[in-house]
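Work through these exercises with the sequence and the model side by side. Try each task before reading its solution.

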Amino acid sequence: MRSCRRINEKNEKNDENEKFLSLRRRCISNEFRLPFCLLKQTMNMQHLTNDVKQQIGELSAVAQLLWERGWAESNAGNISINITGKLESFGSGGKHFSQQPLPKQYPGIAKAQILVTGAGTRMRDVAAQPASTLVLIEINQDGSAYSIMQDDINNHGLLPTSELATHLAIYQERCIQKNSVKAIVHTHPTEFIALTHVPELLHEQTLNAVLWKIHPEAMIANPAGIGFVPYILTGTEALAQATVSALRNHSLALWEKHGCIAAAETVGDAFDLIDVANKAAHIYLLCRNAGIVPEGLTDAQLEELRHKAIKAR
Ligand SMILES: [Zn+2]
């Protein structure tokens, strides 16, 4: 009897998992347009606003894409979304863990609430179980510390990603610029990284010209181009500052011999920026592998395209 009940419970659990996976597949195949309403059946997220649930659905779908593209080996990459002011119901019954000091002060984003992937989490797990791989943090009043919030997001004691300083520095800088972004994605796109092993491409201007000329869509999707960050040790304040500087006039930065980071209005938009740049890098490397040094568009064709891209914005 007892084992029968256990089997039935196991089957019900499997059905729930299958329902969740099937919903996520539908979201991915329909470019995130479907509502992620069934999430609440598999996660304790009843109290989150629909907007936040939708954003978590999109984050989860993008995490799956990063994994499928081969850009998120092991626990590589991290994602965050700024959901400040969208947690109306959190106050009732929510718990705040003790404050963790930040290495630097971020007064520009005081009291901000940010949902970020946990340190050491795998993107494939973020895709399948966002509720147990994301950490919800709140910055304190003077921007000198953060506390982990636990209620609807069940983080199982996770700490935020080791690249948290870079995410916070970008949110703060964009807030100061009054050009705020709501989502940040860091990942390891293979061909894009491979370009940083080609010595003659290690200059921002050259790199952008190559990508725009080889794949016109790269100009249409990102006429401001890519910021280039020379190699700096991962997880450091120096990398955070160099990235902030590179993203002052760009939405996408390439980290030499490491990966890239995109800041945009949504996680989906950040993914698109990376996807198009990596496609351009892929075409360039295919040509070089075939023994061709591609000329791409002429300067005149590129200028014509630039005018069209800027006009369309
Ligand atoms: Zn990385």
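The chain has 12 helices and 10 strands. Helices (H or I, at least four residues) and strands (E, at least two) are DSSP runs, numbered from the N terminus. This is a predicted model: local features need pLDDT of at least 70, side-chain atom pairs count only at pLDDT 80 or more, and totals for chains, interfaces and linings use all residues. Residues are numbered from 1 along each chain as its sequence is written.

**Exercise 1. Place Glu265 and state whether it is buried or exposed.**

Solution. Start with the position: Glu265 sits in the loop between β10 (259-264) and α11 (267-289). Next, apply the cut-offs: a residue is buried if 20 or more other C-beta atoms lie within 10 Å of its own, exposed if 12 or fewer, and partly exposed in between, with C-beta atoms placed from the backbone. Glu265 is exposed because it has 12 other C-beta atoms within 10 Å. Then list its contacts (C-beta atoms, placed from the backbone, within 7 Å). Leaving out residues up to four places away in sequence, Glu265 touches Val181, Lys182 and Ala183. Finally, check a distance: the C-alpha atoms of Glu265 and Ile81 are 9.2 Å apart, with these positions 184 residues apart along the chain.

**Exercise 2. Find the strands that pair with β6.**

Solution. Use the rule that two strands pair if DSSP finds at least two bridges between them. Take β3 (residues 100-101): this strand pairs with β6 (residues 145-150) in the antiparallel sense over two bridges. Pro101 has Ala145 as its bridge partner in β6. Now take β5 (residues 134-139): four bridges join this strand to β6, and the two run antiparallel. Here Leu136 is partnered with Met149. β5 and β6 form a hairpin with five residues between them. In the turn, Gly143 has a positive phi of about 75 degrees.

**Exercise 3. Trace the packing of α8 and the largest nonpolar core.**

Solution. Begin with α8 (residues 204-214), whose buried residues include Leu207, Val210, Leu211 and Trp212. The buried residues of α8 pack against α7 (190-195), α9 (216-221), β8 (226-229), α11 and α12 (299-311).

Move to the core, defined as a set of buried Ala, Val, Leu, Ile, Met, Phe, Trp, Tyr and Cys residues joined through C-beta atoms within 7 Å. The largest one has 78 residues, of which Val185, Leu211, Ala253, Ala270 and Ala277 touch the most other members. α11 supplies the largest share of this core, nine residues. Last, inspect Val185: among its contacts are Val62, Ile79, Ala262 and Phe271.

Notes:
Contact = placed C-beta atoms within 7 Å.
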